[in-house]
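Please open the structure in a viewer and keep the sequence panel visible. The tour below proceeds by selection, one stop after another.

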Amino acid sequence: MRSTSRIVPDVTFLHPVTLRDDFVTLEPLSHEHLEGLCDAARDGDLWNLWYTAVPRPEEMAAEIDRRLGLLEAQSMLPFTLRRNDTGQIIGMTTFMNADAANRRVEIGSTWNAASAHRSGTNTASKLLLLGYAFEELNCIAVEFRTHWMNMQSRTAIANLGAKQDGVLRNHQRMPDGSLRDTVVYSIVDSEWPAVRNELRRRLAR
């Protein structure tokens with residue numbers, strides 16, 4: 001009889017965890033966050049941004065269900081973002097497209113209330129996520145992906161110290177039917193110490 005081998009998934013790779021610093025707390029996503037997330041999406045009517053996908057308030061419960069389902073499948077670790085100075089929920093972010101065998105994750109499906117822009121919370125949350133990915137999950141690389149036309153996101157990712165890997169042409173169809181060119185960036189483990197030091201410097205400033 002020929003024996004067969006089976007790849008066993010690393011069930012410990014992604015599990016709910018709370019990440020916190022002086023600026024922001026990343027809490028495991030739950031339906032208890034529904035009202036706060038709806039208010040955050042209304043802050044700037046974020047669902048009207050055609051180059052990204054932010055759920056409308058009436059779609060938020062279904063989006064929470066979707067992300068929690070991906071957590072069960074071990075492909076996503078979803079968080080709710082909360083400002084520490086006000087206690088206000090300001091958005092969502094995730095580890096997604098997790099590859100436990102190759103120790104890679106993508107930071108994505110992120111959106112923030114308009115009033116939180118330029119507050120330092122985005123830099124702080126990325127520092128927390130990157131630190132957890134490289135120092136706890138032992139990732140060899142962390143990816144970021146965004147719409148070619150989302151110049152604000154592209155600038156923010158580049159400012160983190162991520163390098164552009166390439167562009168996936170006609171990568172996805174958007175809700176309005178348009179086709180998305182996706183820009184792919186990454187930070188690799190050897191770059192993390194320098195990236196960490198720069199992000200800490202910016203937050204201290």
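What follows is a sequence of selections with a description of what is found at each. Please note at the outset that the model is predicted.

**First stop: aromatic pairs**

Begin by selecting the aromatic side chains, among which three aromatic pairs are counted. Display Phe95 and Tyr132: the ring centres are 6.2 Å apart and the planes meet at 25°, under the 30 degrees required, so this pair is stacked. Phe95 belongs to strand β4 (residues 89–99) and Tyr132 to helix α3 (residues 121–135), so the pair ties together parts that are 37 residues apart in sequence. Both Phe95 and Tyr132 are buried. Add Phe79 to the selection, and a cluster appears in which ring pairs link Phe79, Phe95 and Tyr132.

Next, select Phe134 and Trp192. Their ring centres lie 5.5 Å apart with the planes at 25°, so this pair is stacked. Phe134 is in helix α3, whereas Trp192 is in helix α5 (residues 192–204), so the pair ties together parts that are 58 residues apart in sequence. Phe134 has a relative accessible area of 9% and is therefore buried; Trp192, at 5%, is buried because its value too falls under 20%.

**Second stop: helix α5**

Select α5 as a whole. Its 13 residues, at 1.5 Å a residue, should span 18 Å, and the end C-alpha atoms are indeed 18 Å apart. Which residues of α5 are buried? They are Trp192, Val195, Arg196, Leu199 and Leu203. Turn the view to look down the axis of α5: the buried residues fall within an arc of 100°, so they line one face of the helix. These buried residues pack against α3, α4 (151–160) and β8 (179–188). On the face turned away from the buried side, select Ala194 and Ala204, which are exposed.

**Third stop: a charge over a ring**

Select Trp148 together with Arg154. The charged end of Arg154 sits over the ring of Trp148, at 4.0 Å from the ring centre.

**Fourth stop: Glu27**

Move to strand β2 (residues 24–28), where Glu27 is found. Is Glu27 buried or exposed? Glu27 counts as buried, because its relative accessibility is 18%. Its side chain is joined to that of His33 by a polar contact of 2.9 Å. Leaving aside residues up to four places away in sequence, Glu27 touches Thr18, His33, Pro78, Phe79, Thr80 and Arg82. Phe79 was met earlier, in the ring cluster with Phe95 and Tyr132.

**Fifth stop: Asp176**

Select the loop between β7 (163–173) and β8, where Asp176 is found. With a relative accessibility of 53%, Asp176 counts as exposed. A polar contact of 2.7 Å joins its side chain to that of Ser178. To relate this position to another part of the model, select Ala124 as well: Asp176 and Ala124 are 52 residues apart in sequence, and their C-alpha atoms are 32 Å apart in space.

**Last stop: two backbone angles**

Most residues other than glycine have a negative phi. Select Asn97, which is not a glycine and yet has a positive phi of about 50°; Asn97 is found in strand β4. Then select Asn170 in strand β7, where phi is near 45°, again a positive value in a residue other than glycine. Asn170 is exposed, with a relative accessible area of 52%.

Note on methods
Residues are numbered from 1 along each chain as its sequence is written. This is a predicted model: local features need pLDDT of at least 70, side-chain atom pairs count only at pLDDT 80 or more; totals for chains, interfaces and linings use all residues. Side-chain values use heavy atoms; hydrogens and water are left out. Rings of Phe, Tyr and Trp (its six-membered ring) pair if their centres lie within 6.5 Å; planes under 30 degrees apart count as stacked, over 60 as edge-to-face and the rest as tilted. Helices (H or I, at least four residues) and strands (E, at least two) are DSSP runs, numbered from the N terminus. Buried means under 20% relative accessible area, exposed over 50%, partly exposed in between (1.4 Å probe, protein chains only). A charge sits over a ring if NZ of Lys or CZ of Arg is within 6 Å of the ring centre and within 35 degrees of the ring normal. A polar contact is a pair of N or O atoms within 3.5 Å; within protein, one must be able to donate a hydrogen and the other to accept it, and residues adjacent in sequence count only if both atoms are side-chain atoms. Contact means heavy atoms within 4.5 Å. The expected span of a helix is 1.5 Å times one less than its number of residues. The arc is that of the directions from the helix axis to the C-beta atoms.
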